[in-house]
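Work through the exercises below with the coordinates open. Try each task before reading its solution.

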Amino acid sequence: VGSGHVAHAFTAVDRQPRPGELLGVLDRLAAEPFYGSYKHRLRGLLQSERGSRVLDVGAGTGANALALAAESGTEVVAVDQSMTMAAAIRARTRAHVVVADGHRLPFRASGFDGVLADRVLQHVAEPERVLDQMLRILRPGGRIALADPDYSTQVLDIEDRELAGRVLGYRAQAALRNGTLAHRLAGLLAARGLREITVEARTLVVRDPRAVDNVLGLRSWAHAAAAHGYLESADAERFVEQFDAAVDTGRFMYAVTFFLTAATLGR
Ligand SMILES: C[S@@+](CC[C@H](N)C(=O)[O-])C[C@H]1O[C@@H](n2cnc3c(N)ncnc32)[C@H](O)[C@@H]1O
C-alpha cells in the first residue's frame with residue numbers, strides 16, 4: 001500500500017494487495033498520543049454504562065470496542081465491511097462482530113443505546129445514508145458519537161505557499177471521498193432533530209513528519225496528486241524538495257483539526 005493512497009484504501013480494505021498492512025497503519029496511529037486521547041474522549045461522549053449496548057460502525061482493528069468493554073463494561077457489536085478487519089476484531093476482542101456495509105446495517109430499529117463511527121464517514125460513498133442507518137438502530141434517548149478529521153482545516157509551512165495549498169487541496173477534495181464533511185456533521189444531526197449536539201475540536205500538529213510519515217504519508221501526497229492529474233510531476237518533485245528542506249531546517253509545520261460530534265436522539 002503506497003502511503004499516499006492509504007486513505008483511499010479504507011474504502012475497500014479487502015481489495016488491497018496487502019490488506020493486512022492497513023491493520024498495521026491503524027495500530028501505529030492508535031499508539032500515537034493524539035489518537036489515543038481523542039478516541040478516549042469520543043468513547044466518553046457515548047456516556048455508556050455497564051450493560052449498555054453500543055454499535056461501532058467501521059470498527060477497524062477493534063481498538064474502540066476493546067476499550068469500551070474495558071472502560072465501562074459496555075457490550076459492543078462491531079461492524080466492518082472488511083473481512084480482514086473483522087478477523088482482527090474477533091482475534092482481539094470479545095465483541096460480537098458482523099461483516100456489513102454501514103449503508104445497510106442488518107439490525108432492527110432502536111436496538112442500541114449508543115452508536116459510534118470513528119474515522120469512517122470520511123470514507124463512505126453516501127455519508128448521510130450511513131448516518132440515517134446509525135440513527136435508525138439507536139433507541140430514543142440513545143447517544144451518537146462521530147469523529148473525523150476535516151481536511152479543509154489543514155495548514156502546512158513550506159517555501160511555496162501556493163504549491164502547499166494545491167497539495168492540501170488535493171488531499172481535501174480528492175484523496176478522500178468526504179475529506180471536508182466533519183464540520184457539517186452537527187448540521188446534519190440538527191436537521192434530523194437530534195438534541196444536545198456538541199462539537200469538540202482536536203488539532204493534530206506535526207512538527208517532525210518522519211515520526212509519523214509512514215502513517216500519514218504527507219511527503220507522498222504531491223506525487224499521489226500528480227498520479228491523479230491534479231499536479232504536474234515537476235511540481236510534485238518541487239514539493240518533495242521543499243518538504244525535505246523544511247524538515248531539515250526545523251521549519252516544518254503541518255496541522256489538521258478533527259471534530260468530535262455527539263448528540264442525543266430525541267425521545
Ligand atoms: C480509518 S479506518 C477506522 C477504523 C476504526 N474506527 C478506528 O478508529 O481505528 C475505517 C474503517 O471503516 C471501514 N469501512 C469503510 N467503509 C465502510 C462501510 N461502508 N461500511 C462498513 N465499514 C466501512 C473500513 O473497512 C475500515 O476498517
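**Exercise 1. Strand pairing**

How many bridges join strand 2 to strand 3, and do the two run parallel or antiparallel?

Solution. The model is predicted. Start with strand 2, residues 75–80. 4 bridges join strand 2 to strand 3. The two strands run parallel. For one facing pair, take valine 77, which stands opposite histidine 96 in strand 3.

**Exercise 2. The whole sheet**

Give the strand order, then find which strands stand at the edges.

Solution. Step one: 7 strands form an open sheet. Their order is 3-2-1-4-5-7-6, with mixed pairing. Step two: strand 3 (96–99) and strand 6 (195–206) each have a single partner strand, so one side of each lacks a neighbour in the sheet. These two strands are the edges. Step three: from one strand to the next, the twist averages 20°.

Now add a helix. Helix 3 (residues 33–45) lies across strand 4 (112–118), strand 5 (138–156), strand 6 and strand 7 (254–264). Helix 3 runs at about 175° to strand 6.

**Exercise 3. Two helices**

Classify the crossing of helix 7 and helix 11 from the angle between their axes.

Solution. Helix 7 covers residues 161–175, and helix 11 covers residues 233–248. Their axes come within 11 Å and cross at roughly 105°. Angles of 65 to 115 degrees count as roughly perpendicular. Helix 7 and helix 11 are therefore roughly perpendicular. Helix 7 brings Leu163, Arg166 and Val167 to the contact; helix 11 brings Asp235, Arg238 and Phe239. By class, that contact has 3 nonpolar, no polar and 3 charged residues.

**Exercise 4. Around the ligand**

Which residues come nearest to the ligand?

Solution. There are 20 residues around the ligand. Lys39, Gly58, Asp80, Gly102 and Asp118 come nearest. Next, list some N or O pairs:

- Glutamine 81: a backbone N or O atom lies 3.3 Å from a ligand nitrogen atom.
- Aspartate 101: a side-chain N or O atom is 2.9 Å from a ligand nitrogen atom.
- Arginine 119: a side-chain N or O atom is 3.0 Å from a ligand oxygen atom.

How values were computed. Residues numbered from 1 in each chain as written. Predicted model: local features only at pLDDT ≥ 70, side-chain atom pairs only at ≥ 80, totals over all residues. Heavy atoms only, no water. Axes fitted to C-alpha atoms, helices over the stretch in contact; angles between N-to-C directions. Parallel < 35°, antiparallel > 145°, perpendicular 65-115°, else oblique. Contact = heavy atoms within 4.5 Å. Nonpolar A, V, L, I, M, F, W, Y, C, P; charged D, E, K, R; others polar. Pairing = 2+ DSSP bridges. Near = heavy atom within 4 Å. Polar contact = N/O pair within 3.5 Å; in protein donor to acceptor, adjacent residues only side chain to side chain.
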